[in-house]
Amino acid sequence: MENKSRTTYRRVGDYLIPDLILPPEEANITLGKWGMLYKDYLEKHKKVHFNSLLMQGKLYQHCAEVENQAREMFDTLIEQMKVCDDVTERLKEENQLEWVCRMGSIEQRAREVVYNELIHT
């Protein structure tokens, strides 16, 4: 099976730079917070993996999968921590300030777990 795609180049000074175009399925993917954080982490700390995914046209798909996993993990952790810390709707009704403080703490802890388990790995 012959690959008929040809790579075109543009000259920048003395260098020829390939004109890379995202495949159509990659171009339609929009990344959220977690996906962008993961993409930035790969680009800065896992350059070989980042470039490999980019050249294969799979970078955005991979980041979108991590985005979905991170969102699910974050939501699950929030619910589990609310139960463990006894943060209920009743507390919200009786003492809003306490509820807000506890929820802020829970969200920060959940973010740290997601960062450490999914984003920065």
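These are my notebook entries on what I looked up in this predicted model.

**Entry 1: the layout**

I started with the secondary structure and got 6 helices and 2 strands. Going along the sequence, I read the order as β-β-α-α-α-α-α-α. I then checked burial, and 26% of the 121 residues come out as buried. For contacts between residues at least 6 apart in sequence, I noted that 63% join residues at least 24 apart. The exposed surface of the protein is about 9,100 Å², and carbon and sulfur atoms supply 51% of that.

**Entry 2: the hairpin**

Next I went to the strands. Strand 1 (residues 9-12) and strand 2 run antiparallel, with 4 bridges joining them. Strand 2 covers residues 15-18, and tyrosine 15 lies in it. I looked across from there and found valine 12 standing opposite tyrosine 15. The hairpin has 2 residues between the strands, and glycine 13 takes a positive phi near 65°.

Is tyrosine 15 buried or exposed? I have it as exposed, because its relative accessible area is 62% and the cut-off for exposed is over 50%. Tyrosine 15 also turns up in a nonpolar surface patch with Val12 and Ile17, and together these residues have about 290 Å² of accessible area. As a reminder to myself, side chains in a regular strand alternate between the two faces of the sheet.

**Entry 3: salt bridges**

I counted 6 salt bridges in the structure, and wrote up some of them.

In helix 4 (residues 59-84), I looked at arginine 71 and glutamate 67, which sit 4 residues apart, about one turn of the helix. They form a salt bridge, with the closest N and O atoms 3.1 Å apart. I checked how covered each partner is: arginine 71 is partly exposed at 39% relative accessible area, whereas glutamate 67 counts as buried at 7%. The glutamate call is made because 7% falls under the 20% cut-off.

In helix 5 (residues 89-94), arginine 90 and glutamate 94 are separated by about one helical turn, because they are 4 residues apart. Their side chains meet in a salt bridge at 2.8 Å, N to O. Both glutamate 94 and arginine 90 are exposed.

In helix 6 (residues 96-119), I found the 4-residue spacing between glutamate 98 and arginine 102. This pair makes a salt bridge too, its closest N and O atoms being 3.0 Å apart. Glutamate 98 is partly exposed at 31% relative accessibility, and arginine 102 is partly exposed at 30%.

Why does a spacing of four suit such pairs? An α-helix has 3.6 residues a turn, so residues three or four places apart point the same way.

**Entry 4: helix 6**

I stayed on helix 6 and checked its length. At 1.5 Å a residue, its 24 residues should span 34 Å, and I get 32 Å between the end C-alpha atoms, which agrees.

Which residues of helix 6 are buried? My list is Trp99, Met103, Ile106, Ala110, Val114, Leu118 and Ile119. I then asked what the buried residues of helix 6 pack against. They pack against helix 2 (33-45), helix 4 and helix 5.

**Entry 5: to keep in mind**

From the salt-bridge pages, I am keeping the contrast in helix 4, where glutamate 67 counts as buried while its partner arginine 71 is partly exposed. From the hairpin page, I am keeping the patch of Val12, Tyr15 and Ile17 on the surface.

Technical notes
Residues numbered from 1 in each chain as written. Predicted model: local features only at pLDDT ≥ 70, side-chain atom pairs only at ≥ 80, totals over all residues. Heavy atoms only, no water. Buried < 20%, exposed > 50% of the residue type's maximum accessible area, 1.4 Å probe, protein only. Contact = heavy atoms within 4.5 Å. Areas by Shrake-Rupley, 256 points an atom, 1.4 Å probe, with all protein chains shown as cover. Patch = residues over 30% accessible without salt bridge, like charges linked within 9 Å, V, L, I, M, F, W, Y side chains within 5 Å. Salt bridge = Lys/Arg side-chain N within 4 Å of Asp/Glu carboxyl O. Expected span 1.5 Å × (residues − 1). Pairing = 2+ DSSP bridges.
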